[in-house]
Amino acid sequence: MRELTIPPELLPADGRFGSGPAKVRAEAMAALASDPLMGTSHRKAPVRTLVGHIRSQLSALYQLPEGWQVVLGNGGATSFWDLACVSLIKCKSSHGVYGSFTQKFASEVAKTPWLKDPLVTEAPYGSGCLPALDDGADVYAWAQNETSTGVAMPVLRPEGVGEDALVLIDATSAAGGIAADVSAVDTFYLSPQKNFSSDGGLWVALCSPAALERAGRLTSSPDGRWVPDTLNLSLAAQNAAKDQTLNTPALATLILLSAQLDWMMDNGGLAFAAARTAESSRRLYEWAEASELTHPYVSDPALRSPVVATVVMDERVDAPRLCSILRANGIVDIEPYRKLGTDQIRVGMFTSVDPDDVSALIRCIDWVLEQIV
Ligand SMILES: Cc1ncc(COP(=O)(O)O)c(C=O)c1O
């Protein structure tokens, strides 16, 4: 039996507020169910046409400059970190670390035998920082959205970064939900299970000519490092140019990604997506600031993510109990990131989430708080 039943009129139309995997639109699921491409070869024209469509829609969404390429492969953004250690970092990287995901990339670099120890600039969780300048660094890396803490950082080329250095942006949970001028950086990579309302398992990287050129050199040097095919960005780019991946992709992931890109582009592209997440998050942060029992975890409003909001609960609130009551009522995945403590909630407000459902979520939380505090 449920501990508490939330009045049905308060409930959101869709109760998925996870930070990824996240809400997939019902229309996209319906389109997937009847898609004739499921169960057909990824080497044949129809699936390659789909991949080509995804690549051109992403180019249009981000208005990619001449010479940039949309490259994709299996394994998600986590695999892209390993790929960067093989195909993009020459000797040393400099990282901005302000949460679990920015930390994980720096840790992967630190474990790579042929790379120098990375330079790590850390900001306390709930805040953010750019990587420090370093004469020896040939890659600079940080995340546009640190999904663990809900901190958003700018996408730019830091002043003083040498012309030969590459800037790599982890846009796993930001892409398709927060605006960015990617022409300022060299690689902008993402996974499709966040704003793109698809499923996990794929990485997609928007790559500048400089990034592709670096990968070409690092992966073809005859006496160079060991380059496994799955971590070879040049090989991935060669396949992408033929609208395919090195090995078999999940077709459902591609079909859902394509449907979401069409939905975004038909509604106004990145400006539409960014306005929608800005509206959702405005409602949530205003509530979190006004409520006596909550406050935003990220104290600097300029760093608050519009796609993943973290909210601290007053000590009078049993936050895990709140989450479990909501879950029993169909509102799922607002538990905090597992390493951030238990006095929080984390709300994913990716582009598919209706701002009115965020308002409904707030009403439900207020209702539960009235019962349990
Ligand atoms: C910012 C960020 N980077 C990287 C990852 C890893 O992505 P994946 O699970 O697709 O490998 C995540 C996953 O949530 C993320 O949020």
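**Figure 1. Two domains and their contact.** In this predicted model, 27 Å separate the centres of domain 1 and domain 2, taken over C-alpha atoms. Domain 1 is built from two stretches, 8–24 and 269–372. Domain 2 covers 26–265. Where they touch, domain 1 gives 31 residues and domain 2 gives 30 residues. On the domain 1 side, the elements that supply two or more residues are α8 (269–290) and β11 (308–313). Helix α8 gives the largest share, six residues. By residue class, this side of domain 1 holds 17 nonpolar, nine polar and five charged residues.

**Figure 2. The seven-stranded sheet.** Seven strands form an open sheet with mixed pairing. Their order is β1-β9-β8-β7-β4-β2-β3. Strands β1 (69–74) and β3 (119–122) are the edges, and each pairs on one side only. On average, neighbouring strands of this sheet are turned by 20° against each other, direction ignored.

**Figure 3. Strand β2 and its partners.** This view picks out one strand of the order shown in Figure 2. Strand β2 covers residues 93–97, and β4 covers residues 139–143. The two pair in the parallel sense over three bridges. Here S93 stands opposite V139 in β4. Strand β2 also pairs with β3, again in the parallel sense, over four bridges. Across that pairing, H95 stands opposite V120 in β3. Between β2 and β3 the chain passes through helix α4 (residues 100–111). This β-α-β crossover is right-handed.

**Figure 4. The shell around the ligand.** Twelve positions can be followed along the chain in this view. The early ones are G20, G76, A77 and T78. F101, A143 and T147 come next. D170, T172, S173, S191 and G200 complete the surroundings of the ligand. Helix α3 (residues 76–87) provides the largest share of this shell, three residues. The shell divides into three nonpolar residues, eight polar residues and one charged residue.

**Figure 5. The three-stranded sheet.** A second open sheet has three strands in the order β10-β11-β12, with antiparallel pairing. Strands β10 (294–296) and β12 (344–348) stand at the edges. Each has a single partner strand, so one side of each is left without a neighbour in the sheet. Neighbouring strands of this sheet are turned by 30° against each other on average, direction ignored. Strands β11 and β12 pair in the antiparallel sense over five bridges. Within that pairing, V347 in β12 is the bridge partner of A309. Strand β11 also appears in Figure 1, among the elements on the side of domain 1 that touches domain 2.

**Figure 6. A cis peptide bond and a positive phi.** Most residues other than glycine have a negative phi, and most peptide bonds are trans. Two places in the backbone are shown with that in mind. A cis peptide bond joins G20 and P21, with omega about -5°. P21 lies in the segment before α1 (26–33). G20 is also one of the residues that surround the ligand. The other place is Q63, a residue other than glycine, where phi is positive and near 45°. Q63 sits in the loop between α2 (45–61) and β1. Strand β1, which ends that loop, is an edge strand of the sheet in Figure 2.

Conventions:
Residues are numbered from 1 along each chain as its sequence is written. This is a predicted model: local features need pLDDT of at least 70, side-chain atom pairs count only at pLDDT 80 or more; totals for chains, interfaces and linings use all residues. Domain bounds come from an automatic or database domain assignment. Two residues are in contact if their C-beta atoms, placed from the backbone, lie within 7 Å. Ala, Val, Leu, Ile, Met, Phe, Trp, Tyr, Cys and Pro count as nonpolar, Asp, Glu, Lys and Arg as charged, and the others, Gly among them, as polar. Two strands pair if DSSP finds at least two bridges between them. Axes are lines fitted to C-alpha atoms, for helices over the stretch in contact, and angles run from 0 to 180 degrees between N-to-C directions. A residue is near a molecule or strand if its C-beta atom, placed from the backbone, lies within 6 Å of it. A crossover is right-handed if, with the strands pointing away from the viewer, the path from the first strand over the helix to the second runs clockwise.
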